[in-house]
Each structure stands twice: as structure tokens, then as C-alpha cells.
Number of protein chains: 2
Amino acid sequence: MTNLTLALDVMGGDKGPRVTIPAALKAVSEYPNLHLILCGDEAIIHTFLSKNNQVNNPQLSIYPTTEVVEMDDKPSLAIRNKKDSSMRKALDLVSSGDAQACISAGNTGALFATAHFVLKTIQGVERPALISSLPTHNENKHVFMLDLGANVFCDSQVLCQFALMGAVMAETVEGIKNPKIALLNMGEEEIKGSDNIKQAAVQLSANDEINYIGFVEGNDIFTNKADVIVCDGFVGNVALKTCEGVARMVYTKFKTHFLNNLTGRILGKLLTPAIKKVFKTLNPDQYNGASLIGLRGIVVKSHGNANVTAFYSAILEAVKEVERQVPEKIKAKLEQGLLQRP
Amino acid sequence: MTNLTLALDVMGGDKGPRVTIPAALKAVSEYPNLHLILCGDEAIIHTFLSKNNQVNNPQLSIYPTTEVVEMDDKPSLAIRNKKDSSMRKALDLVSSGDAQACISAGNTGALFATAHFVLKTIQGVERPALISSLPTHNENKHVFMLDLGANVFCDSQVLCQFALMGAVMAETVEGIKNPKIALLNMGEEEIKGSDNIKQAAVQLSANDEINYIGFVEGNDIFTNKADVIVCDGFVGNVALKTCEGVARMVYTKFKTHFLNNLTGRILGKLLTPAIKKVFKTLNPDQYNGASLIGLRGIVVKSHGNANVTAFYSAILEAVKEVERQVPEKIKAKLEQGLLQRP
């Protein structure tokens, strides 16, 4: 790892510094070339660092801020009224070049809007998108899905740009050559779906730079049919959250089932590790970050209720994206004149 | 049960008569007041009945048809070119009043389009919808969700009518008084989502006849927050299929996990019944039917790869809807002047 500086929104997320600071300490202890700028309440950060004898750790610095973007703050108000928030400052540091990426577990809407406002999109990108990798049947393979909620509706041109950005992520972050790109639809037949999706299918089919494989349905998200699945933010968000909801329900049903009788309870005890292991793989944003891509800087969003491991993984995700120069590669692809609106 | 006559599309579904006829035999043997009209290839049906010594069963009659709507037939062509198909005739029998409901496991798009064409919508209903009940954390409660794919996009007025039709289903079929109605959205805050959903929220909030509780997200489909969840067909279809996809993936992961080592294999064997039981509750359209509502007749769609139990359950679902007069109750609600476009 070359020398890297990342800005952390220490105050963001349901548990704020109780999660973000231990994750930061773990990251710097494991990566000696990593430098983290901790944006947040100076006194609180100092207390945490001093408890851990890390006040003088040269890999850590504090950027004191006085405000916090709350989980229910409206995005527009966060931009306008919380200019000295930990979230805003972490993004400002990326914008000024003092940090190479920002990691936050804070309010998604506010993070998205502020990041868009502060960092701006890469030239040629019309809309940034929220992307994450999801588990599949094959333990060693993931599927990238975007947009997961940054944009409500996307026209065909925007969907095509998402396809391109998703392909860059799959290639650079997961090392998949010529990744298979699919559009999420309500059927596999060409005649199915909304006009924007049908138009995007035509545009993607005509583009030799993109390995477009056609439509997939919700049940095929996890079957490794595609490496990248493209949809608008509304649909992506519903699919992602439905996925979380089903996983949680199955987990509850197993627990209930095994609590019903003595044999069940004994079996349940024996099985707890297996059940936990399976379910751990199912909620990706619990252990990984989702990224805002299409911006002139790297922003990784950790889950609001992320634990230390999850936030630590989000830091590593940011490291990976910085090292592999994701924004630069998206820019280069777009400069080839691909997918510009005529 | 009062005397009932239902029309079965015997040829529909991946397995056609091999599934539909055994399900029909089971239904008539258990319900002496039930009469089933078997629409399909006369010779095939006769062979099945004669193998089971049921040729002279007075509860069964054959309606011979010469065509079959294939699973990949385009809806418009099915309507135009397959007027003597088992699917079409089963719907014609409902239209003529010779049967009180139609049950089919055939091509969803063709069934929807043909049913709409043959039966027409209830006066005041702008679009029919596909509705099904899904499992929840609470084993004894289900949640109704619509539209599951009959319509790509729905404006606010149509969403409000779906809310009303869903409420009628929850009240009459599940006996839920004053059912809680929610709109599926990408966030719970009022400012989130697309314009049609935000407008529908305003209209539903202003309607005293509907117990509208607000927006829910994908992860809340299964938590009993709402009794009825309303969305457009695209989103509903993606959510439903994502649900199926996750369930299948979890099942695969469990199997893989338990096959990995000897202890795992032994534990896995002990657990197979529990795992199967949990997963059986997760794929509702495998054991239950989805209904097309808003039409002047009852149409229950069984899953394309339904087995005998699933198709039998779809027959019982149709019986329930006939007995509880679902279309009549939707009509009555609409005649109260509720939710008419101004």
C-alpha cells in the first residue's frame, strides 16, 4: 500500500465514535502506510484516543468539527445549515485534495446530496450512483448492483452510464475481465418492462465496449448470471432492502423453529455457528461499504448501524478504490466518448 | 361450501395435466359440493381420468379445447390466435357465468391480458392487479402485496385503487378488520420516492375509508407493519422475485455448508426437515395462488412450476374468493364513490 490519507466522518451512524474510532484504530494498526483524519467532536475523539493510548499516533489526526448531521436531517438542510459537520468536513477534505476518500456511516440522503454538491460529478457523468456488491450462490463471487437509492428515476442514458461505471467497478475492484452487464427487469423478454429500460437495452446492445447480456429478473440477482446489475435507485433500493428483510425473516424463523422444543433447542445450539455464518454472507452492507460512484472523489457509505467490523471493512473498501483509481478509470472510459448523450 | 363450479386451465403450467388433474381430483374428493370443468385436450384428460377411475365422476366435466397457450407466447398473440386454448375457454366460462372462477398455471402475461380482455374490469377500476399474500415473521399472519407485475407503471390514482382492492382482499379473505395499508417506497420519510407515490400518499391520507399508515421499505414487507403493501407492478415483481432468489440462495448456502464435512453432513441430515419447513413458508406462490383482482370475475394464477399441492391450494384460493364474493365487494366499495378519478 502506498501512502494514503482518508477522511472519516467519526460522528456518523447510529453509534458514531463508539464504532468509527475502534475501526479507525484497527485500520491504522494493520496498515502502517495509512493515515486517517478523524472529523468530529474534538473532545470526544480525544477521550477515545487517550483511553487507547493513541493520542500521539502519527497515523491519526483530528479535524475538529462542531456539528453533526443527524440521521433524520433533510439533505438540503444538511448542505445549507451544517457546514461545520463531521460529514461535510470529511467531504471538503477530499475536495481540497487533503484526503483521497471519505468514509461515513451517516444519513445516506445527506451524504449523497452533500457529496454531490461538494465533489461534483466526473465530467460526462450525469448522475452519481450508489453501488454495492451482493453475495451470490457462489461463495467466491459477488455481483455489483447499482443504483441502490441515490436516484429515484433514471432515463436510459443514465442507466447506460451506470452500466459503464458498474463495469469499471467490477473490473478494477474485483478484477473481473469483460464483466457481464444486465438490466434488472420484470421479465427476460425484450417486450417486458418500462420504456427507459427497453431503450437502455437497445443502447447497450449497440455498444461494443460493454458486455451486455440482457434482462435479468429479481431471482437472478444472486445466481451469477451477471457481474453487474443495473436499475434505477427506487427499484435497486427496494430489491436490496427486500433482500435484507427476507434474510432477517429466515433467521427469525430458524430461531423460532429451534426454540419450539428440546430437541430443537439442542440442534439449534449445534447449528448456531452455521446459521450465523450463512446469514453473515447475506447482508453485505453490514460488513462492506456501498460506494457513491461517478463523483470526482471516493465516498464509501457504511451502514447506519454498522459495527466495528463493518466500518473497518468500509475503510478497506475506500483504500481499494483509491489504490485502483476508480474515479480516474471511469473518467477515462467516458473520455473515450462512450455513452455521451447525443 | 355452497355449490361451486370452477373452470381449470388443465394444459397450463410447466407440467400441465400431470399436475392440474391430480390437484383437481384431490379437490373434488375433499369438497363434495365442488364441480370442476376441466378445459383442455379431451384425449389427454380422458386418459388421466380413466387411469384414476374418475371418468364418470359427476363433479368433473371436460370442456374440450384444441390449443395451448405456451409459456413463451406473446400475450397479444395468445388473445388473437388462440381462441380455442384451454386458458381462453376457462376464462370464457367465467365470462358466460358457467363457472365462478378460473384457475391457471399458464403464461402469466397471456393470462393477464386474456382475462382483462375477456372479463373486463369492474366498473370504476382502471387497472386490474396481481395480488398475493406473502409470509411474515409471524407464522400466523400474511401480508398482501400488489401489484406483482400486471402493470409496469401505475399513477397515483391507480395505486389508490390498488390500496382499496388490497384492503378488500385482506378483509374478506383473511378476515383482517380495518387492514393497515402502506405504500412501498425507498424510504419512510414523506419527501422520499417518486411523484406518483408521493401523490398517492396524499390521496390515501385524505381518505377516511382507508387505514393508510404511510411508507414502508423493502425490509418491512415481512415485519407485519402493514397488512397490505401497494406498489407498481415493476417494483412488486422485482421485490417478489428478489424474495424468491434470496430464499433459494440461503437454501443453497445451507446445503453447501452442511456438505462440507462429516459433522456437517450428519447435522445437515438431522436438520433437513427443519430447513425444508422454514423454506416452504418462504415461497408463497409455490403453495398458494396469486389472484388477478379488479376484474368482473375471479382468476387465480398458480405458479408456472406449481406442484399438485400448489395447484390444489390455488383451487382452494379460488373457492375462498368465490364464497367471499371478492369482486362484488370491490364493486360495492367503488360504488361508494371512493377513489374515482375526479
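In this predicted model, Ile103(B) stands opposite Val300(B), a residue of strand S11 of chain B. The two residues belong to a pairing in which strand S4 of chain B, residues 101-104, is joined to strand S11 of chain B, residues 298-301, by 4 bridges, with the two strands running parallel. Strands of a sheet pair through backbone hydrogen bonds, either parallel or antiparallel.

**The sheet of chain B**

The S4 and S11 strands of chain B sit within an open sheet of 11 strands, whose order is S3-S2-S1-S4-S11-S10-S5-S6-S9-S7-S8 and whose pairing is mixed. Strand S3 (60-64) and strand S8 (211-216) of chain B stand at the edges of this sheet, and because each has a single partner strand, one side of each is left without a neighbour in the sheet. From one strand to the next, the twist averages 25°. Helix H6 of chain B, residues 156-174, packs on the sheet and touches strands S5 (129-135), S6 (142-146), S7 (180-184), S9 (228-230) and S10 (290-293) of chain B, while the direction of the helix makes about 160° with that of S9(B).

**The sheet of chain A**

Chain A has 12 helices and 11 strands. Its open sheet is formed by 11 strands in the order S3-S2-S1-S4-S11-S10-S5-S6-S9-S7-S8, again with mixed pairing. In chain A, strand S3 (60-64) and strand S8 (211-216) are at the edges with a single partner strand each, so one side of each is left without a neighbour in the sheet. The twist in this sheet averages 25° from one strand to the next.

Two pairings made by strand S1 of chain A can be followed residue by residue. Strand S1 (residues 4-9) pairs with strand S2 (residues 34-40) of chain A in the parallel sense, over 6 bridges. The chain passes from S1(A) to S2(A) through helix H1 (residues 17-30) of chain A, and this β-α-β crossover is right-handed. S1(A) also pairs in the parallel sense with strand S4 (residues 101-104) of chain A, here over 3 bridges. Bridge partners from these two pairings are listed below.

| Residue in S1(A) | Partner residue | Partner strand |
|---|---|---|
| Leu6(A) | Ala101(A) | S4(A) |
| Ala7(A) | Ile37(A) | S2(A) |
| Asp9(A) | Cys39(A) | S2(A) |

**Overall dimensions of chain A**

The C-alpha atoms of chain A fill a box of roughly 65 × 60 × 40 Å, taken along the principal axes. For 342 residues a compact globule would have a radius of gyration near 20 Å, and the 21 Å of chain A therefore agrees with that expectation.

**Backbone features in the loops**

Most residues other than glycine have a negative phi, and most peptide bonds are trans. Against that background, a cis peptide bond joins Leu146(A) and Asp147(A), with omega about 0°. Asp147(A) is found in the loop between strand S6 (142-146) and helix H6 (156-174) of chain A. In chain B, a cis peptide bond likewise joins Leu146(B) and Asp147(B), with omega about 0°, and Asp147(B) lies in the loop between S6 and H6 of chain B. A further feature is found at Lys120(A), a residue other than glycine whose phi is positive, near 65°. Lys120(A) lies in the loop that runs between helix H5 (108-119) and strand S5 (129-135) of chain A.

**How the two chains meet**

Chain A can be laid on chain B with an RMSD of 0.0 Å, by a turn of 180° and a shift of 0.0 Å along the axis. That is the relation of a two-fold axis. In the interface, 45 residues of chain A are in contact with 45 residues of chain B. Helix H8 (233-259) and helix H9 (262-280) of chain A each supply at least two residues of the side of chain A that touches chain B, and the largest share of that side, 21 residues, comes from H8(A). By class, the side of chain A that touches chain B has 24 nonpolar, 13 polar and 8 charged residues. Of the interface residues of chain A, 100% are also interface residues in chain B, so the copies meet through the same surface.

Definitions and conventions:
Residues are numbered from 1 along each chain as its sequence is written. Chains are lettered from A and ligands numbered from 1 in the order in which they are written. This is a predicted model: local features need pLDDT of at least 70, side-chain atom pairs count only at pLDDT 80 or more; totals for chains, interfaces and linings use all residues. Two strands pair if DSSP finds at least two bridges between them. Axes are lines fitted to C-alpha atoms, for helices over the stretch in contact, and angles run from 0 to 180 degrees between N-to-C directions. Two residues are in contact if their C-beta atoms, placed from the backbone, lie within 7 Å. Copies are superposed by least squares on the C-alpha atoms of residues with pLDDT of at least 70 in both. A crossover is right-handed if, with the strands pointing away from the viewer, the path from the first strand over the helix to the second runs clockwise. Ala, Val, Leu, Ile, Met, Phe, Trp, Tyr, Cys and Pro count as nonpolar, Asp, Glu, Lys and Arg as charged, and the others, Gly among them, as polar. The radius of gyration is taken over C-alpha atoms; the globule rule is 2.2 Å times the number of residues to the power 0.38.
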